[in-house]
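Trainee: I am new to this structure and would love a close look at one part of it. Could you take one spot and then show me what lies around it?

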Amino acid sequence: MRTPPPTHFGIPDKFQSWREGQDQVFRDILDCKERFSVHSCPTGSGKSLAYIAAALAMTNRRSAVLTESRGLQDQINTDFESTGLFDMRGMQNYPCRALEEGGEYEDMWMKKLGSKPTCDAGPCTAGIRCDLKNSGCDYFDSYRVACVSRLVSTNYAYWIACHKYGQGLSKFDMLILDEAHNAASQLSSALSV
């Protein structure tokens, strides 16, 4: 059986053809009748193309891709952002507009620290009402988009924290664990006392 090229499923034009074995992983994911589809693919084999194409081929279904590192998350986002992949990160990756110069709580930020305030240090994390939380906050605006996006990329740490301390990112039909061999250590790090 000949698999159509990756671009047939909405993959960017730079991926005109499958590398050896990629189309097999793609078909295995789509044809899996079990709850889990496990693939051991070496670094550089192009597994991200296979699983993103499979996620796109499953129309009207939501998929989340979890990675261990920001580097891999950056790479996946760079390669597949044009497919509608939404990149979601933790609060420390977004500027806190309320604490910035001209913001509602500008006077709360200790400027002598020399760094720009991020949402993890924002007033809302201390229970202080922030007018930007419902609209205008980079983090919460992104969170709302991630909750309705068809294809989301994030990292293990954020995924676990989001479910442990929040509402999660809504329901997904497929969860892709890139570098899944590291998932257990990521989970145990979150559960440590």
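Trainee: Which side chain does a polar contact join to that of Asn182, and at how many Å?

Mentor: It is the side chain of Glu68, and the polar contact is 2.7 Å. A polar contact here is a pair of N or O atoms within 3.5 Å; within protein, one must be able to donate a hydrogen and the other to accept it, and residues adjacent in sequence count only if both atoms are side-chain atoms. Before we go on, please note that this is a predicted model: local features need pLDDT of at least 70, side-chain atom pairs count only at pLDDT 80 or more, and totals for chains, interfaces and linings use all residues. Residues are numbered from 1 along each chain as its sequence is written, and side-chain values use heavy atoms, with hydrogens and water left out.

Asn182 sits in the loop between β4 and α6 (183-191). Helices (H or I, at least four residues) and strands (E, at least two) are DSSP runs, numbered from the N terminus. Asn182 counts as buried because its relative accessibility is 17%; the cut-offs are under 20% relative accessible area for buried and over 50% for exposed, with partly exposed in between (1.4 Å probe, protein chains only).

Now step back to β4 itself. It belongs to an open sheet of four strands, in the order β2-β3-β1-β4, with parallel pairing. Two strands pair if DSSP finds at least two bridges between them. β2 (86-87) and β4 (174-177) are the edge strands, each pairing on one side only. Four bridges link β4 to β1 in the parallel sense, and Val65 has Ile176 in β4 as its bridge partner. At the other edge, β2 runs parallel to β3 (residues 151-155), joined by two bridges; there Asp87 is partnered with Ser153 of β3.

Side chains along β4 alternate: Met174 and Ile176 point to one face and are buried, whereas Leu175 and Leu177 point to the other and are not.

β4 also takes part in the largest pocket, which holds about 1,000 Å³ of space. A pocket is found on a 1 Å grid over the protein atoms alone, as an open set of points with protein on both sides within 12 Å along at least five of seven lines; a cavity is a set of points where a 1.4 Å probe fits but cannot get out, and lining residues have an atom within 4 Å of a point. Grid points are joined across faces, edges and corners, and a volume is the space filled by probe spheres set on the points. The pocket lining has 32 residues, and Ser37, Val38, Leu175, Ile176 and Leu177 lie nearest the pocket's centre. β4 gives the largest share of this lining, four residues, while α1 (22-31), α2 (47-57), α5 and β4 each supply at least two. In α1, the buried residues are Gln22, Val25, Phe26, Arg27 and Ile29, and they pack against α2 and β4.

What about the interior? In soluble globular proteins, nonpolar side chains tend to be buried together. A nonpolar core is a set of buried Ala, Val, Leu, Ile, Met, Phe, Trp, Tyr and Cys residues joined through side-chain atoms within 4.5 Å. The largest has 27 residues, and those touching the most other members are Met88, Cys119, Tyr139, Tyr143, Tyr158 and Leu169. At least two of its residues come from each of β1 (63-67), α4 (138-148) and α5 (156-165), and α4 gives the largest share, five. A second, separate core of 24 residues includes Met174 of our strand, along with Phe9, Ala53 and Leu151.

Ser142 also lies in α4 and is buried, because its relative accessible area is 15%. A polar atom of the Ser142 side chain lies 2.8 Å from the backbone oxygen of Asp138. Not counting residues up to four places away in sequence, Ser142 touches Phe86, Met88 and Tyr94, where contact means heavy atoms within 4.5 Å.

One last stop is the loop between α5 and β4, where Ser170 is found. Its phi is near 75 degrees, a positive value in a residue other than glycine. Ser170 counts as partly exposed because its relative accessibility is 41%.
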